Amino acid sequence: ADTAMLQGIMRLMQQTQQSDRHQEALLQALKPYLAPERRGKLDRAMQIARISHLVSAALKNYGKPELK
């Protein structure tokens, strides 16, 4: 069961990485034109977006956990 779960997680990560590459490339290309303060904010926003997409994909593939 643990191996299947790890494989599922790897698939999710690959899916989210592939779908976001174009957007991330665009944002990375804009970074040299931003003030240093905004570059940091952009990095943080991109990190949050990656985590958000990963969680969203996980919920779609594995369903929402039941709340007790």
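Buried here means under 20% relative accessible area, exposed means over 50%, and partly exposed sits in between (1.4 Å probe, protein chains only). With that in hand, on to the model.

This is a predicted model, where local features need pLDDT of at least 70 and side-chain atom pairs count only at pLDDT 80 or more, while totals for chains, interfaces and linings use all residues. Residues are numbered from 1 along each chain as its sequence is written, and side-chain values use heavy atoms, with hydrogens and water left out.

**Overall picture**

The protein has two helices and zero strands; these are DSSP runs numbered from the N terminus, with helices being H or I of at least four residues and strands being E of at least two. Helix α1 covers residues 2–30, and helix α2 covers residues 36–62. Of the 68 residues in the protein, 12% are buried. The accessible surface is about 6000 Å², and carbon and sulfur atoms own 59% of that; areas come from the Shrake-Rupley method with a 1.4 Å probe, and for residues only the protein chains shown count as cover.

As for α2, its 27 residues reach 39 Å from first C-alpha to last, close to the 39 Å expected at 1.5 Å a residue. That expected span is 1.5 Å times one less than the number of residues in the helix. Leu 42, Met 46 and Ala 57 are buried in α2.

**Salt bridges**

How many salt bridges does a search of the whole structure find? It turns up three, taking a salt bridge as a side-chain nitrogen of Lys or Arg within 4 Å of a carboxyl oxygen of Asp or Glu.

| Acid | Base | N to O distance |
|---|---|---|
| Glu 24 | Arg 50 | 3.2 Å |
| Asp 43 | Lys 31 | 2.6 Å |
| Glu 37 | Lys 41 | 3.4 Å |

Take the bridge between Glu 24 and Arg 50. Glu 24 lies in α1 and Arg 50 in α2, so the pair ties together parts that are 26 residues apart in sequence. Both ends have some exposure: Glu 24 is partly exposed at 26% relative accessible area, and Arg 50 is partly exposed at 38%.

Then there's the bridge between Asp 43 and Lys 31. This pair links distant parts of the chain, with Asp 43 in α2 and Lys 31 in the loop between α1 and α2, twelve residues apart. Asp 43 counts as partly exposed at 34% relative accessibility, whereas Lys 31 is buried at 16%.

Glu 37 and Lys 41 also meet in a salt bridge. They are four residues apart in α2, so about one helical turn separates them. Both Glu 37 and Lys 41 are exposed.

**The α1 surface**

Which residues make the nonpolar surface patch of about 490 Å²? Met 5, Leu 6, Ile 9, Met 10 and Met 13 do. Patches are built from residues with over 30% relative accessible area and no salt bridge, joining like charges within 9 Å and nonpolar side chains (Val, Leu, Ile, Met, Phe, Trp, Tyr) within 5 Å.

Leu 6, found in α1, is exposed at 56% relative accessible area. Ile 9 also has its place in α1 and is partly exposed at 36%. The C-alpha atoms of Ile 9 and Leu 54 are 9.2 Å apart, with their positions 45 residues apart along the chain.

Arg 11 is another α1 residue, partly exposed at 48% relative accessibility. Its C-alpha is separated by 9.9 Å from that of Ala 58, which is 47 residues away along the chain.
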